[in-house]
Amino acid sequence: MPRAIDDPIQRTGEDAVINAAARALARTPGPAGLAVLLRLANGPPRGGVVAALAGRRRLDALPYYIKALEEDITRKEAEAAIRMLGPAARPALLHAAAAPSGAPESESGKRRRRSALGLYADLGPGADRDQAELLRLIRDDDPEVSVTACDIWLGMGARPDTAVSRLVELLGQGSWVLDARIEDCLLKHAALAEAIVGDALKAYAGALDIASPQVQRKTDALLRLLHRLGGRLGRMAGS
């Protein structure tokens, strides 16, 4: 097992050496080089090791790639390596997306889960056998994960109510970037979403009369957003 190094400068130097060695091993076919790379994969994620293993297309390296999704410095190489594995990686990706790193969840855990679910979607449509897990992810505490799960679910064309209602619920509760993702998702699935969005508009409008001033301000902003969205959905569905 590779030893842990506490000093950040020493660790950076060792990472550079190991990354260079791994890239050299990538140009050396044969079982000996592969054995060294797999041994290195028992240590912390490193971009050079991920890239070197990617060329071998080893499914048993997938847990290492998934771990590497947690950090910005290794995510690009890890995502490329996972894409090279193709649909065979999807069960592990869905499992990784559904497994929070703890409570409260760490930011690195969120990055891993968001990237894993995005890759699951990129590598094919939602599978019927995955419906139960996707339904749980629709209600996930992380809005980014939830929106991606909703998009996958709506792409399957089955029972849109749960996903559309969740997207409407999340509108106005996060950043404008998240709102834009939600709007794009609803527009992409306009035919499925229009009637449900219309019902939500009526429900929010009725709530304005009884809500507190603070809730009224928030609901009013959400209502305006839903009105714009409803108009766009109507135009797209009718075109």
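Which residue takes a positive phi of about 80° just after α10? In this predicted model, that residue is G172, which follows directly on the end of the helix. Helix α10 itself spans residues 161–170, and among its residues A163, V164, R166, L167, V168 and L170 are buried. An α-helix has 3.6 residues a turn, so residues three or four places apart point the same way.

From this one helix it is useful to step back to the whole chain. The protein holds 13 helices and zero strands, so that, because strands and helices are the elements counted as DSSP runs, its pattern along the sequence reads α-α-α-α-α-α-α-α-α-α-α-α-α. Of its 239 residues, 42% are buried, while the accessible surface comes to about 12,600 Å², with 56% of that area belonging to carbon and sulfur atoms. When contacts between residues at least 6 apart in sequence are considered, 59% of them join residues at least 24 apart.

The interior can be approached through the largest nonpolar core. In soluble globular proteins, nonpolar side chains tend to be buried together. Here the largest nonpolar core has 68 residues, and the members that touch the most others are L53, Y65, I82, L93 and L117. Helix α9, residues 143–156, gives the largest share of this core, with eight residues. One of the residues just named, I82, shows what such a position is like: with its neighbours within four places in sequence left aside, I82 is in contact with L62, Y65, I66, L69, A89, L93, L119 and L123.

Helix α9 appears again at the second largest pocket, a space of about 190 Å³. The elements that give two or more residues to the lining of this pocket are α9 and α11, the latter covering residues 176–188, and the largest share, six residues, comes from α9. The lining has 14 residues in total, and those nearest the centre of the pocket are A121, T148, D151, I152 and K188. By class, the lining is made up of six nonpolar, five polar and three charged residues.

Two acidic positions deserve a closer look, and both are buried. D140 lies in the loop between α8, residues 131–138, and α9. Its relative accessibility is 10%, and D140 counts as buried because this value falls under the 20% limit. Apart from neighbours within four places in sequence, D140 is in contact with R113, V145, S146 and R166, and R166 is one of the buried residues of helix α10. E183, by comparison, is found in helix α11, and at 15% relative accessibility E183 also counts as buried. Residues up to four places away not being counted, E183 touches L225, L229 and R232.

A last stop is R57, which lies in the loop between α3, residues 47–54, and α4, residues 62–68. With a relative accessible area of 52%, R57 counts as exposed, because that value is over the 50% limit. The phi of R57 is near 50°, a positive value in a residue other than glycine, and the positive phi of about 80° met at the start belongs to G172.

Note on methods. Residues are numbered from 1 along each chain as its sequence is written. This is a predicted model: local features need pLDDT of at least 70, side-chain atom pairs count only at pLDDT 80 or more; totals for chains, interfaces and linings use all residues. Side-chain values use heavy atoms; hydrogens and water are left out. A nonpolar core is a set of buried Ala, Val, Leu, Ile, Met, Phe, Trp, Tyr and Cys residues joined through side-chain atoms within 4.5 Å. Buried means under 20% relative accessible area, exposed over 50%, partly exposed in between (1.4 Å probe, protein chains only). Helices (H or I, at least four residues) and strands (E, at least two) are DSSP runs, numbered from the N terminus. Contact means heavy atoms within 4.5 Å. Accessible areas come from the Shrake-Rupley method with a 1.4 Å probe; for residues, only the protein chains shown count as cover. On a 1 Å grid over the protein atoms alone, a cavity is a set of points where a 1.4 Å probe fits but cannot get out, and a pocket is an open set with protein on both sides within 12 Å along at least five of seven lines; lining residues have an atom within 4 Å of a point. Grid points are joined across faces, edges and corners, and a volume is the space filled by probe spheres set on the points. Ala, Val, Leu, Ile, Met, Phe, Trp, Tyr, Cys and Pro count as nonpolar, Asp, Glu, Lys and Arg as charged, and the others, Gly among them, as polar.
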